[in-house]
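Me: I've got a model open here and I'd like a close look at one part of it. Could you walk me through that part in one go, and tell me what surrounds it?

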Amino acid sequence: MKNNRLFTQLIFIVSLFATLGSLYFSEIRLYEPCEMCWYQRILMYPIVILSLIGVIKEDNNVRLYARVMSGIGILVSTYHYGLQKIPALGESANACMGVSCTVQYINWGGFITIPLLALTAFFIIFILSFFIKKD
């Protein structure tokens, strides 16, 4: 179906932008990713590859992989955002190795941080995955 291809392409574009954004922050702006950021990357980066394969092969099963990975990504990103914005949660972040998970490299408008950007991308991918129909 033509709509399935469109939604798979949109998942690819969103995940690609999220991946390039995370690489921009770490490789160009030199923000060292914390442990939670790495978990989010582990969930986002494969979505780029899987959705590209889904577009090329016109495989609608990509919806299942994208849905599961983005669903887990929503949970991880929400927790990470909570670590940054809820002081009681942030105190438990001392267990993070290396860079603290409470570090806010960006804080646009007082609430937009890198985990919120990741959460937004995961949420968009999650919703788009439900628009892809079975064959």
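**A close look, with helix 1 at the centre**

Reply: Let's come in from a neighbouring element: Val68 sits in helix 3. Bear in mind that this is a predicted model. Val68 counts as exposed because its relative accessibility is 52%, over the 50% cut-off. In space Val68 lies 9.5 Å from Leu43, C-alpha to C-alpha, with their positions 25 residues apart in sequence.

Now for helix 1 itself. Helix 1 runs over residues 2–28, 27 residues in total. From first C-alpha to last, helix 1 reaches 37 Å, close to the 39 Å expected at 1.5 Å a residue. After helix 1 comes Leu30, with a positive phi near 60°.

Which residues of helix 1 are buried? They are Asn4, Phe7, Thr8, Ile11, Phe12, Ser15, Thr19, Ser22, Phe25 and Ser26. An α-helix has 3.6 residues a turn, so residues three or four places apart point the same way. The cover over the buried residues of helix 1 includes helix 2 (35–57), helix 3 (62–85) and helix 5 (114–129).

Take Thr8, which belongs to helix 1. Thr8 counts as buried because its relative accessibility is 2%, under the 20% cut-off. Setting aside neighbours within four places in sequence, Thr8 touches Ser51, Gly54, Val55, Val62 and Ile132.

Ile11 brings us to the largest nonpolar core, a set of 25 residues. Ile11 is among those with the most contacts inside this core, along with Cys34, Met36, Ile47, Phe122 and Ile125. Helix 1, helix 2, helix 3 and helix 5 each give two or more residues to this core. As a general rule, in soluble globular proteins nonpolar side chains tend to be buried together. Ile47 shows the local packing: beyond its neighbours within four places in sequence, Ile47 is in contact with Ile11, Ser15, Ala66, Met69, Ser70, Phe122 and Ile125.

Then there's the empty space. The largest pocket has a volume of about 510 Å³. Of its 34 lining residues, Ala18, Ser22, Phe25, Ile114 and Ala118 are the closest to the pocket's centre. The elements giving two or more residues to this lining are helix 1, helix 2, helix 3 and helix 5. Helix 1 supplies the largest share of the lining, eight residues. Split by class, the lining of the largest pocket has 22 nonpolar, 10 polar and two charged residues.

So much for the pieces; here's how they join up. Helix 1 gives residues to the largest nonpolar core, and helix 1 also gives the largest share of the lining of the largest pocket.

Definitions and conventions
Residues are numbered from 1 along each chain as its sequence is written. This is a predicted model: local features need pLDDT of at least 70, side-chain atom pairs count only at pLDDT 80 or more; totals for chains, interfaces and linings use all residues. Side-chain values use heavy atoms; hydrogens and water are left out. Helices (H or I, at least four residues) and strands (E, at least two) are DSSP runs, numbered from the N terminus. The expected span of a helix is 1.5 Å times one less than its number of residues. Buried means under 20% relative accessible area, exposed over 50%, partly exposed in between (1.4 Å probe, protein chains only). Contact means heavy atoms within 4.5 Å. On a 1 Å grid over the protein atoms alone, a cavity is a set of points where a 1.4 Å probe fits but cannot get out, and a pocket is an open set with protein on both sides within 12 Å along at least five of seven lines; lining residues have an atom within 4 Å of a point. Grid points are joined across faces, edges and corners, and a volume is the space filled by probe spheres set on the points. Ala, Val, Leu, Ile, Met, Phe, Trp, Tyr, Cys and Pro count as nonpolar, Asp, Glu, Lys and Arg as charged, and the others, Gly among them, as polar. A nonpolar core is a set of buried Ala, Val, Leu, Ile, Met, Phe, Trp, Tyr and Cys residues joined through side-chain atoms within 4.5 Å.
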